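Biologist: I would like to learn how to read strands, sheets and unusual backbone angles from a set of coordinates. Could we take one structure and go through it step by step?

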Amino acid sequence: MKNKELAESIINKVGGKDNITSLVHCATRLRFVLNDDSKADAESLKKQKGVITVVKSGGQFQVVIGNHVADVFSDIMQLTNLNENHITNTAPDQKMGFFSKLIDLVSGIFIPALVVIVAGGIFKGVIALLQVLEIVNADSQTYNYLFAIADAPFYYLPVILGFSAVKKFGGNPYVGMALGGALVHPNIVGMLGDAFELQTSLFMIPVKLIPYASSVFPIIIASWFYSLLERNFNKIMHDSFKKFIAPLLGIIITVPLTFAVIGPVVAFLSNIVADGIIYVYQLNSVIASMILAGLWQVMVIFGIHWGMVPFAMNNFNVYNEDFMMPILFPAVFAQVGAVLAVMLRSKDPQMKALASSSVLSGIFGVTEPAIYGINLPLKRPFVIGCISAMIGGGIVGYYHSVIYSFSFISIFSFLQLIPPTGINEKFYAVVFGSLISFGVSTTVTYLFGIPKDKKATDENQPQNNEDKKQTDEVKQVETITISSPMTGKVIPLTQVNDPTFAGELMGKGSAIIPTIGQALAPEDGEVVSLFRTKHAIGFVTHSGAEILIHIGIDTVKLDGQHFEAHVEAGSKVKKGDLLVSFDIDAIKQAGFEVTTPIIITNSDDYKDVQTIFMQDDIQAGDALLALNKSENKE
């Protein structure tokens, strides 16, 4: 499905663009704040092609897309005309708890900034490797250039966070950049020199100057205070001059206040928090690490892992290193191991394909496809992955491993574990712990995570004649017949040149290569959806079968050319009524297949969906599918 069409569908299913208060995205998911969550159709979204799953957490309606989330986000922003002027912290009438507000706030501030921060962190790891290999010397001019590129996102972090924080709080984000720039201005840095703190004065007012480069919390609090001032100034000032005077007064008040009060107080509290986390960690680093590693992917599921980001970044600011992120390496690679085992163990071609792509995504730090697509639905692989992560996490905690720059955990992040003095046992502990978690998870999942095909089949069958007799007494089977909506050649769904249909991800059914360019109503019922491009029809029969007729493969790209609709969404139709006509030759000349999947999208409601037409050629109206529905006998 085209990203734009997917974006349109998501907008409709979250309640329309008027129901969207704000939208940001992270590595794999769209994070909506909605005016009214009840208007969003989460279940329908979960079934939407292109959507992995939906999660409601932290005051956000999160739609998990996968690696191409940025493209879908861009299309949604264009279709809804969302911009910084429409974005506020939360919906006006939405009641959110403190924790939900905190997660929404943290994710809204850090997600837009993480792209450049992660890039800088990875490049720092590359520089460390070049030093270990003696390709680059720390005293060389080359090193200075490379380090400036890698360190800039961290040194100027107050500028970056000032932009995203003020934007999140509803103010002018460019003023946020000015706030952050003031904190790291050369005059301020030069006045401080190499000192950790310096007693200065501002209009005879004593000010304790501290370093703000790479700091996190002071600029966030300052951004909140400025945004509060801006909103109030805008209320009382005339429209003719408030656009400039409100930011001017806001900066004049906020920056000195930050240097005099906000910065020192927040820095003091940040140090207390950092010391407290270290204290808890040092009480028993092994147990603490095992708990964090085991629970990390659970936190990812609910999107609350963003709450850890500011604390990790604060550790970098205070100690120039962080101990929490190394613990997450085993958590990530344990889930990769579990999904690899599924790929090796499964005999289902579609599951193998999905698992293999999830392995690749996981190696590069994106575990959501593995979790939502494979491990969590199968349950056991996910649990095995979490338990295996605890083993590696304990190893990492025992050696008190640290990382020297912020990043998502991926195969590249191992470079960021290399200390300036060269590779040591703390580095090897993370590598070994990750390999152990990966190996244990892969092995245990392969052996016990998925039932053998024969065993699964046997478990679903009566074990003896007596069991079969009892089963027959309890259940009776109702069969519903679905007719063919078109004339042509019948082929198995597995032969369709599209992995989503061939893998029955949208449901079971059959496929037809049409010889007549007409799609007819297969049964009496209602047209519930007709795509704008007219290539796909959603249909519900009076018996409750939900049918998708998808004319051609990738024909959405034709944008409606060569198709003509004869009904609209909501139309009541009889069996044989013309739904859509299409030009087979023109579609083929445009380079597209006309193979048409006929999908029962609510296949889970039936015990079995079978193709009952056994010949090659079928006429519209001939019986095509049999839906077997088991019911308890009254």
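**Reading strands and loops**

Modeller: Let us start with one pair of strands in this predicted model, where strand 8 and strand 9 (residues 508-514) run antiparallel and are joined by four bridges. Within this pairing, Val490 stands opposite Ile512 of strand 9.

Biologist: What holds the strands of a sheet together in general, and what is the order of the strands in the open sheet of eight?

Modeller: As a general idea, the strands of a sheet pair through backbone hydrogen bonds, in either a parallel or an antiparallel sense. Here the open sheet of eight strands has the order 15-11-12-13-17-9-8-19, and the pairing is antiparallel. Strand 15 (572-573) and strand 19 (617-618) stand at the edges with a single partner strand each, so one side of each has no neighbour in the sheet.

Biologist: Which loop holds Thr487, and is Thr487 buried or exposed?

Modeller: Thr487 lies in the loop between strand 7 (475-483) and strand 8 (488-491), and its relative accessible area of 13% makes it buried, because the cut-off for that class is under 20%. Leaving aside residues up to four places away in sequence, Thr487 touches several residues, among them Ile512, Pro514, Ile618 and Ala620. A polar atom of the Thr487 side chain also lies 3.0 Å from the backbone nitrogen of Ala620.

Biologist: Strand 1 should make a useful second example; how many of its six residues are buried, and with which strand does strand 1 pair?

Modeller: Five of the six residues of strand 1 (residues 20-25) are buried, so this strand is largely enclosed by the rest of the structure. Strand 1 pairs with strand 2 (residues 29-34) in the antiparallel sense over five bridges, and His25 has Leu30 as its bridge partner in strand 2.

Biologist: How should I read the sign of phi, and where does Phe203 lie?

Modeller: Most residues other than glycine have a negative phi. Phe203, although not a glycine, has a positive phi of about 50°, and it lies in the loop between strand 5 (198-202) and strand 6 (205-209). With a relative accessible area of 79%, Phe203 is exposed.

Biologist: What is the phi of His562, and in which loop is His562 found?

Modeller: The phi of His562 is near 70°, again a positive value in a residue other than glycine, and His562 is found in the loop between strand 13 (546-550) and strand 14 (563-565). His562 is partly exposed, with a relative accessible area of 32%.

Notes: Residues are numbered from 1 along each chain as its sequence is written. This is a predicted model: local features need pLDDT of at least 70, side-chain atom pairs count only at pLDDT 80 or more; totals for chains, interfaces and linings use all residues. Side-chain values use heavy atoms; hydrogens and water are left out. Helices (H or I, at least four residues) and strands (E, at least two) are DSSP runs, numbered from the N terminus. Buried means under 20% relative accessible area, exposed over 50%, partly exposed in between (1.4 Å probe, protein chains only). Two strands pair if DSSP finds at least two bridges between them. A polar contact is a pair of N or O atoms within 3.5 Å; within protein, one must be able to donate a hydrogen and the other to accept it, and residues adjacent in sequence count only if both atoms are side-chain atoms. Contact means heavy atoms within 4.5 Å.
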